[in-house]
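Biologist: I should like to learn how to read a structural model. Could you guide me through its features one at a time?

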Amino acid sequence: MSANKGWWVPPEGEDSVSEKFLRKTRESPLVPIGLGGCLVVAAYRIYRLKARGPTKMSIHLIHTRVAAQACAVGAIMLGAVYTMYRDYIKRTAQDAGEK
């Protein structure tokens, strides 16, 4: 195995991992926002782990999971609301303007 080659080279005609990630981000920009929110919440809760007081570890972890999931579900809901706005309200307004 040669040391000159990268870790993984995609076959001809396929996108690299970074190109695929950028393309998917342009298609649905709220997915990375939701993922980032999950990571921020998890990092903050891990940082605050020592200051949890008398709370049990399992309860602290459950609260962390719920907060991270709330970020992900919130991003999904924002995406759904934006898509509904774009597809129905904006299109209806454009159709009424053309008549």
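The dialogue below takes up salt bridges, a pocket and the annotated spans in turn.

Modeller: Please note at the outset that this is a predicted model.

Biologist: How many salt bridges does a search of the whole structure find?

Modeller: The general idea is a distance test: a side-chain nitrogen of Lys or Arg must lie within 4 Å of a carboxyl oxygen of Asp or Glu. In this structure the search finds two such salt bridges. One joins the side chains of Arg 23 and Glu 27, with an N to O distance of 3.7 Å. The other links Asp 87 with Arg 86, whose closest N and O atoms are 3.5 Å apart.

Biologist: Where in the chain do Arg 23 and Glu 27 lie?

Modeller: Both belong to helix H1, which covers residues 17-27. Arg 23 and Glu 27 are four residues apart, about one turn of the helix.

Biologist: Which of the words buried, partly exposed or exposed applies to Glu 27, and which to Arg 23?

Modeller: The word depends on relative accessible area: under 20% is buried, over 50% is exposed, and values in between are partly exposed. Glu 27 counts as exposed because its relative accessibility is 54%. Arg 23 has a relative accessible area of 31%, so Arg 23 is partly exposed.

Biologist: What are the values for Asp 87 and Arg 86?

Modeller: Asp 87 has a relative accessible area of 25% and is therefore partly exposed. Arg 86 is also partly exposed, its relative accessibility being 40%.

Biologist: Let us turn to pockets. How is empty space found, and how much space lies in the largest pocket?

Modeller: In general, a probe the size of a water molecule is rolled over the atoms to show where empty space is left. Here the largest pocket holds about 250 Å³ of space.

Biologist: Which residues line the largest pocket?

Modeller: The lining has 14 residues, and those nearest the centre of the pocket are Ser 28, Pro 29, Leu 30, Val 31 and Gly 79. Helix H2 (30-47) and helix H3 (57-98) are the elements that give two or more residues to this lining. H3 gives the most, with seven residues. By kind, the lining divides into eight nonpolar, four polar and two charged residues.

Biologist: Which residues does the annotation "transmembrane region" cover?

Modeller: An annotation is a statement from a record, to be read beside the model. According to the unreviewed UniProt entry, "transmembrane region" covers residues 30-47 and 67-85. In the model, residues 30-47 are 100% helix and 0% strand, with end C-alpha atoms 25 Å apart. Residues 67-85 are likewise 100% helix and 0% strand, and the end C-alpha atoms of that span lie 27 Å apart.

How values were computed. Residues numbered from 1 in each chain as written. Predicted model: local features only at pLDDT ≥ 70, side-chain atom pairs only at ≥ 80, totals over all residues. Heavy atoms only, no water. Buried < 20%, exposed > 50% of the residue type's maximum accessible area, 1.4 Å probe, protein only. 1 Å grid on protein atoms, 1.4 Å probe; cavity = no way out; pocket = protein on both sides within 12 Å on 5 of 7 lines; lining within 4 Å. Points joined across faces, edges and corners; volume = space filled by probe spheres on them. Nonpolar A, V, L, I, M, F, W, Y, C, P; charged D, E, K, R; others polar. UniProt positions renumbered as here; feature names shortened; annotations may be inferred.
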